[in-house]
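This report describes how one chain is put together, helix by helix. It begins with one helix and what surrounds that helix, then turns to the core and to single residues.

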Amino acid sequence: DSLKSVYPELISELARRSITKTKVAEVLGISPRTLYSKLVGATDFTLSEANTIRSHFFPNIKTDDLFRRSE
């Protein structure tokens with residue numbers, strides 16, 4: 001899907017591993033719509049959400065790399 005994300009690394013890693021955005025939203029306990037606004041930069045990820053995504057899905061990738069914003 002052609003999501004204009006401000007987090008290109010996160011989006012490409014999700015795609016590479018076939019992890020759905022619905023699954024990420026589920027793990028975070030938020031709605032898919034809320035996740036979408038975070039991915040497009042309308043609202044920010046909390047530190048806790050960023051850490052949860054990293055530890056749950058990408059333990060081998062540094063949080064800073066995963067959440068590096070495209071400008």
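The buried residues of helix α3 are covered by parts of the chain that include α1 (8-16), α2 (21-28) and α4 (47-57). Helix α3 itself spans residues 32-39, and its buried residues are Leu35, Ser37, Lys38 and Leu39. After α3 comes Gly41, with a positive phi near 85°.

The model is predicted. Its mean pLDDT over the chain is 93, and 96% of the residues reach 70 or more. Among the elements, α2 has the highest mean pLDDT, at 98, while helix α5 (residues 63-66) has the lowest, at 94.

**Packing of α2 against α3**

Two packed helices are described by the angle between their axes and the distance between the axes. For α2 and α3, the axes come within 9 Å and cross at roughly 105°. Angles of 65 to 115 degrees count as roughly perpendicular, and α2 and α3 are therefore roughly perpendicular to each other. From α2, the residues Lys21, Val24, Ala25 and Leu28 take part in this meeting, and from α3 their partners are Pro32, Leu35 and Leu39.

**The nonpolar core**

The largest nonpolar core has 20 residues. Those with the most contacts inside this core are Leu10, Val24, Leu35, Phe45, Ile53, Phe58 and Phe67. Helices α1, α2, α3 and α4 are the elements that give two or more residues to the core. Two of the residues named here, Val24 and Leu35, also belong to the meeting of α2 with α3.

Which residues does Leu10 touch, not counting residues up to four places away in sequence? Leu10 touches Leu39, Phe45, Ile53, Phe58, Leu66 and Phe67.

**The two sides of α4**

In α4, the residues Glu49, Ala50, Ile53 and Phe57 are buried. Around the helix axis they cover an arc of only 100°, so they are on the same side of α4. An α-helix has 3.6 residues a turn, so residues three or four places apart point the same way. Leu47 and Ser48, on the other side of α4, are exposed. The cover over the buried residues of α4 includes α1, α2, α3 and α5. In turn, α4 is among the elements that cover the buried residues of α3.

**Accessible residues**

Three residues with computed accessibility are listed below.

| Residue | Place | Relative accessible area | Class |
|---|---|---|---|
| Ser18 | loop between α1 and α2 | 64% | exposed |
| His56 | helix α4 | 46% | partly exposed |
| Asp64 | helix α5 | 61% | exposed |

The cut-off for exposed is over 50% relative accessible area, and buried means under 20%. His56, at 46%, is therefore partly exposed. Ser18, in the loop between α1 and α2, has a phi near 55°, a positive value in a residue other than glycine.

Distances can also be given for the other two residues in the table. The C-alpha atoms of His56 and Ser37 are separated by 20 Å, and these residues are 19 apart along the chain. Asp64 and Leu47 are 17 residues apart along the chain, and their C-alpha atoms are separated by 11 Å. Of these partners, Ser37 is a buried residue of α3, whereas Leu47 is exposed in α4.

Key
Residues are numbered from 1 along each chain as its sequence is written. This is a predicted model: local features need pLDDT of at least 70, side-chain atom pairs count only at pLDDT 80 or more; totals for chains, interfaces and linings use all residues. Side-chain values use heavy atoms; hydrogens and water are left out. Buried means under 20% relative accessible area, exposed over 50%, partly exposed in between (1.4 Å probe, protein chains only). Helices (H or I, at least four residues) and strands (E, at least two) are DSSP runs, numbered from the N terminus. Contact means heavy atoms within 4.5 Å. pLDDT is the predictor's confidence in each residue, from 0 to 100. A nonpolar core is a set of buried Ala, Val, Leu, Ile, Met, Phe, Trp, Tyr and Cys residues joined through side-chain atoms within 4.5 Å. The arc is that of the directions from the helix axis to the C-beta atoms. Axes are lines fitted to C-alpha atoms, for helices over the stretch in contact, and angles run from 0 to 180 degrees between N-to-C directions. Angles under 35 degrees count as roughly parallel, over 145 as roughly antiparallel, 65 to 115 as roughly perpendicular and the rest as oblique.
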